[in-house]
Structure formats: structure tokens, C-alpha cells
Amino acid sequence: MDRAIVWDSVKKSYASPHRITIFSDASIEVLKGEFVGIFGPSGVGKTTMILLTAGILNPDRGKIYVLGRDITEMSRDELALFRRKHIGIVFQFFNLIPMLTVLENVLLPLELNGFSRNEAIRRAKEILSYVGLLRKADMMPSRLSGGEQQRIAIARAVVHNPQIVLADEPTGNLDEENKESIFELFRDLNKEGITIIVATHDVELARRYVHRGYHIRGHKFNPVGV
Ligand SMILES: Nc1ncnc2c1ncn2[C@@H]1O[C@H](COP(=O)(O)OP(=O)(O)OP(=O)(O)O)[C@@H](O)[C@H]1O
Ligand SMILES: [Mg+2]
């Protein structure tokens with residue numbers, strides 16, 4: 001089966017305030033169409049994993065392939081284009097742009113990808129309807145609940161039809177019901193063919209949804225039964 005993401009012996013450390021190794025000889029493969037969980041306690045490297053896979057951070061050593069392309073060899077510009085086209089990211093913090101309405105937030109990736117205004121609005125409304133929030137299109141994000149904001153963030157991450165979605169702690173700060181609805185949304189998107197990686201400390205919840213999971217431990221990915 002085709003591989004969506006491959007890490008080959010990745011090393012990543014941070015230099016300041018003192019050197020800390022996050023990944024050492026870490027390898028992982030995610031196939032196209034899979035829904036995979038990345039687990040581990042706070043500070044273990046979940047966000048670092050997402051940022052490396054998105055090409056936002058560079059590894060110290062090793063290779064990272066996304067959709068068959070070695071992203072560690074791409075220039076910044078190439079990477080920006082590649083990411084914009086193929087990857088949707090749900091960030092752990094600061095997801096929505098507070099000065100823009102819900103609709104404008106969701107339009108952003110389409111505008112960056114050069115869609116015409118009309119086509120962009122049509123798609124953005126379609127995806128807002130999909131996540132059940134079309135009626136909030138003209139509101140400012142700060143007026144929405146945490147769960148609603150997170151659903152908008154996911155809508156924005158998938159509105160341009162990326163092949164891969166990387167979600168970093170997408171259920172942080174949500175109550176149980178909203179957490180479930182976020183994972184249900186990911187499951188629906190995965191059924192439409194999108195490869196999904198969710199990094200979360202909420203293992204028990206995520207295990208009910210993902211195909212496979214890994215714990216980050218000992219600077220590596222350790223498979224867990226799901
Ligand atoms: N830019 C940076 N410079 C130095 N250290 C960093 C940097 N980013 C992260 N770290 C450190 O690397 C470790 C891993 O951070 P990371 O954010 O990947 O963890 P995490 O698993 O996402 O944690 P959380 O569950 O709290 O979000 C932490 O100890 C963190 O303090
Ligand atoms: Mg994190």
C-alpha cells in the first residue's frame with residue numbers, strides 16, 4: 001500500500017536553554033488512508049512530531065518523506081507550496097485568526113491556493129455546513145464555544161482537500177461530548193480518504209477511533225495495540 005508519511009532515523013533536539021533530545025533514530029510509517037494516533041505525556045514531543053512532519057521544523061538528521069517527497073531537501077518556498085496544497089494542520093494553540101470572521105478564516109487556505117473568490121466561498125460554505133456551523137459563518141471566532149472553534153479549525157484544515165491532516169491535541173480543553181464529536185468528525189473525514197494523524201495525550205479516547213497508535217517513548221515511536 002502507498003505510504004503517506006515515512007520518517008527514516010530522525011534525530012531532533014532543541015539547543016536552548018540546554019540541549020534536550022526529543023527524537024533519536026525515530027522511524028515511523030503511515031499509509032495513505034490511515035488514521036493514526038501519536039500519544040505520550042506532556043513534553044514528550046507530540047507537537048515536535050507534528051511540526052517536523054509538516055516541514056515547519058527541520059530534523060538534525062534523518063529523512064522525512066511526505067507523499068513520496070523528501071521534505072528535508074525542499075527549499076522553504078517549495079515546502080510552503082507543498083504544505084499548502086497537500087497538508088492541513090490543526091495547531092495546538094492559536095488556531096483561528098481572531099480579527100477574521102469564521103467564514104474568512106476558512107477561506108484563507110483557498111485564497112492562498114489561488115481559488116477564485118466565488119469558488120472559494122462555495123467550498124468554504126460547503127465545509128462549514130459539513131461541520132454543522134454554517135449558521136455561524138459571519139461571527140467572530142471569539143464568540144464561539146471551544147468545541148465550535150475547534151470544528152472551525154478542522155474545517156479550515158480540510159477545506160482545500162488536502163491528502164493529509166495533522167492535528168495537534170485537537171480536543172484539549174473540551175468537555176467529553178465535544179471531544180467525541182471532534183473524533184467523530186475526524187473519523188468521517190478519514191472515511192472520505194484523508195490520511196489523519198492526531199497527536200494527543202487523551203489515549204483512551206483516541207484509541208476508540210484510530211486504526212493504529214504509537215507512544216513516543218525513549219525518543220522513538222512504540223506501537224500500541226488499539
Ligand atoms: N523551540 C523550542 N526550544 C527549546 N525547547 C523546546 C522547543 N519546543 C519544544 N521544546 C521542548 O521540547 C519538549 C517537547 O515539546 P513538545 O511541544 O513537542 O511536547 P508535547 O508532547 O507536544 O507536549 P504537550 O502535551 O504539553 O503539548 C518539551 O520539553 C519542550 O519544552
Ligand atoms: Mg504539544
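**Exercise 1. A residue with an unusual backbone angle**

Task: Decide whether Glu 169 is buried or exposed in this predicted model, and state where Glu 169 is placed.

Solution.
Step 1. Glu 169 has a relative accessible area of 7%. Buried means under 20%, so Glu 169 is buried.
Step 2. Glu 169 is placed in the loop between S7 and H6.
Step 3. The phi of Glu 169 is positive, about 50°, although this residue is not a glycine.

**Exercise 2. A second non-glycine residue with positive phi**

Task: State where Asn 161 is placed, and decide whether Asn 161 is buried or exposed.

Solution.
Step 1. Asn 161 is found in the loop between H5 and strand S7 (164–168).
Step 2. Its relative accessible area is 56%. The cut-off for exposed is over 50%, so Asn 161 is exposed.
Step 3. Asn 161, which is not a glycine, has a positive phi of about 60°.

**Exercise 3. The magnesium site**

Task: Identify which residues coordinate the magnesium ion (ligand 2), and explain which parts of the chain they tie together.

Solution.
Step 1. The coordinating atoms are OG1 of Thr 47 and OE1 of Gln 92, at 2.0 to 2.2 Å.
Step 2. Thr 47 belongs to helix H1 (residues 46–53), whereas Gln 92 sits in the loop between strand S6 (87–90) and H3, so the pair links parts that are 45 residues apart in sequence.
Step 3. Thr 47 has a relative accessible area of 28% and is partly exposed. Gln 92, at 29%, is likewise partly exposed.

**Exercise 4. The surroundings of helix H1**

Task: Determine how many of the eight residues of H1 are buried, and name them.

Solution.
Step 1. Seven of the eight are buried, so H1 is largely enclosed by the rest of the structure.
Step 2. The buried residues are Lys 46, Thr 48, Met 49, Ile 50, Leu 51, Leu 52 and Thr 53.
Step 3. After H1 comes Gly 55, with a positive phi near 75°.

**Exercise 5. Helix H3 against H4**

Task: Describe how H3 and H4 pack, giving the angle and the distance between their axes.

Solution.
Step 1. Two packed helices are described by the angle between their axes and by the distance between the axes.
Step 2. For helix H3 (residues 102–112) and helix H4 (residues 117–130), the angle is about 125° and the axes are 9 Å apart. H3 is therefore oblique to H4.
Step 3. The crossing of H3 past H4 is right-handed.
Step 4. In H3, the residues in contact are Val 102, Leu 103, Val 106, Leu 107, Leu 110 and Glu 111. In H4 they meet Arg 117, Ala 120, Ile 121, Arg 123, Ala 124, Lys 125, Ile 127 and Leu 128.
Step 5. By class, the residues of this contact are 10 nonpolar, no polar and four charged.

**Exercise 6. Helix H3 against H5**

Task: Classify the direction of H3 with respect to H5, and name what covers the buried residues of H3.

Solution.
Step 1. H3 and helix H5 (residues 146–158) pack at an angle of about 30°, and their axes are 7 Å apart. Angles under 35 degrees count as roughly parallel, so H3 and H5 are roughly parallel to each other.
Step 2. H3 passes H5 in a right-handed crossing. Val 102, Asn 105, Val 106 and Pro 109 of H3 make the contact with Ile 152, Ala 155 and Arg 156 of H5.
Step 3. The contact of H3 with H5 has five nonpolar residues, one polar and one charged.
Step 4. The buried residues of H3 are Val 102, Leu 103, Asn 105, Val 106, Leu 107, Pro 109 and Leu 110. Their cover includes H4 and H5.

**Exercise 7. Helix H5 against H6**

Task: Find the angle at which the axes of H5 and H6 cross, and how closely the axes come.

Solution.
Step 1. The axes of H5 and helix H6 (residues 176–191) cross at roughly 15° and come within 10 Å. H5 is therefore roughly parallel to H6.
Step 2. This crossing of H5 and H6 is right-handed.
Step 3. Gly 147, Gln 150, Arg 151, Ile 154 and Val 158 of H5 meet Asn 178, Ser 181, Ile 182, Leu 185, Phe 186 and Leu 189 of H6.
Step 4. These residues divide into six nonpolar, four polar and one charged.

Technical notes: Residues numbered from 1 in each chain as written. Chains lettered and ligands numbered in written order. Predicted model: local features only at pLDDT ≥ 70, side-chain atom pairs only at ≥ 80, totals over all residues. Heavy atoms only, no water. Axes fitted to C-alpha atoms, helices over the stretch in contact; angles between N-to-C directions. Helix = DSSP H or I, 4+ residues; strand = E, 2+ residues; numbered from the N terminus. Parallel < 35°, antiparallel > 145°, perpendicular 65-115°, else oblique. Left-handed = near helix turned anticlockwise from the far one by under 90°. Contact = heavy atoms within 4.5 Å. Nonpolar A, V, L, I, M, F, W, Y, C, P; charged D, E, K, R; others polar. Donors = N, O, S within 2.8 Å, 3.2 Å for Na, K, Ca; no water. Buried < 20%, exposed > 50% of the residue type's maximum accessible area, 1.4 Å probe, protein only.
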